[in-house]
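The following exercises concern one protein model. Please study the sequence and the structure before reading each solution.

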Amino acid sequence: MLIPLSFFATHDRLIWHYTTAGVCTIFDGIFRCYAVLIAALVVVAETEWGFILKFWQVLEYWVGRGMLQIFVAVMTRAFPDYSSEKRNLIFLQNLASYMLLACGVVYVISGILCLGFLKRARQKKEITREQAVRDLEELERRREELEELLIEERG
């Protein structure tokens with residue numbers, strides 16, 4: 001069996017462009033997987049999903065969210081940019097990293113300036129309002145029951 005060779009005289013080149021040696025290390029793969037998982041956690045934290053906030057209560061505070069976003073931005077920035085052929089991809093990666101870093105800094109500064117306190121006070125007020133509505137409904141139900149009992153007593 002013969003393997004056909006190319007008619008063009010081209011030199012071999014390394015295909016894996018994420019390291020200078022052209023090899024993929026296990027660290028690169030693990031690092032990228034962790035970065036994607038933590039970035040997904042940032043997205044879920046921004047949705048304020050109760051399940052996540054129940055286990056990671058630090059994400060309830062703006063400073064905690066900001067630190068997580070800054071961590072993801074630094075991890076994204078730490079990816080090597082050895083690829084000279086994909087300049088636009090590297091530019092977008094850097095842009096996303098710096099934008100996430102800026103968002104994280106805004107969160108941290110806002111949290112330090114107690115804007116998170118205002119959010120929690122609003123949430124507490126909403127909870128109090130919801131409790132008042134529930135109490136009012138319960139009182140209305142009890143009033144109806146007592147009226148029925150009074151009608152039965154008179155009849």
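**Exercise 1.** Determine in which helix Asn 94 is found and whether this residue is buried or exposed.

*Solution.* Step 1: Asn 94 is found in helix α4; helices (H or I, at least four residues) and strands (E, at least two) are DSSP runs, numbered from the N terminus. Step 2: buried means under 20% relative accessible area, exposed over 50%, and partly exposed in between (1.4 Å probe, protein chains only). Step 3: Asn 94 has a relative accessible area of 16%, and therefore counts as buried. Step 4: the C-alpha atoms of Asn 94 and Phe 79 are separated by 9.7 Å, although the two are 15 residues apart along the chain.

The model is predicted: local features need pLDDT of at least 70 and side-chain atom pairs count only at pLDDT 80 or more, while totals for chains, interfaces and linings use all residues. Residues are numbered from 1 along each chain as its sequence is written, and side-chain values use heavy atoms, with hydrogens and water left out.

**Exercise 2.** State how many helices and strands the protein has, and what percentage of its residues count as buried.

*Solution.* Step 1: the protein has five helices and zero strands. Step 2: read from the N terminus, the order of elements is α-α-α-α-α. Step 3: 21% of the 155 residues count as buried.

**Exercise 3.** Identify the elements that give two or more residues to the nonpolar surface patch, and classify Met 67.

*Solution.* Step 1: patches are made of residues with over 30% relative accessible area and no salt bridge, nonpolar side chains (Val, Leu, Ile, Met, Phe, Trp, Tyr) being joined within 5 Å and like charges within 9 Å. A salt bridge is a side-chain nitrogen of Lys or Arg within 4 Å of a carboxyl oxygen of Asp or Glu. Step 2: the nonpolar patch covers about 820 Å², and its residues include Val 63, Met 67, Tyr 98 and Ile 109. Step 3: α3 (62-77) and α4 (87-112) are the elements that give two or more residues; α4 supplies the largest share, five residues. Step 4: Met 67 is found in helix α3 and is partly exposed, because its relative accessible area is 48%.

**Exercise 4.** Name the residues of the negative surface patch and classify Glu 153.

*Solution.* Step 1: Glu 144, Glu 148, Glu 152 and Glu 153 gather in this patch; Asp and Glu count as negative, Lys and Arg as positive, and His and the chain ends are not counted. Step 2: Glu 153 is found in helix α5 (residues 115-154). Step 3: Glu 153 is exposed, because its relative accessible area is 69%.

Key
Accessible areas come from the Shrake-Rupley method with a 1.4 Å probe; for residues, only the protein chains shown count as cover. The place of a charge is taken as NZ of Lys, CZ of Arg, CG of Asp or CD of Glu.
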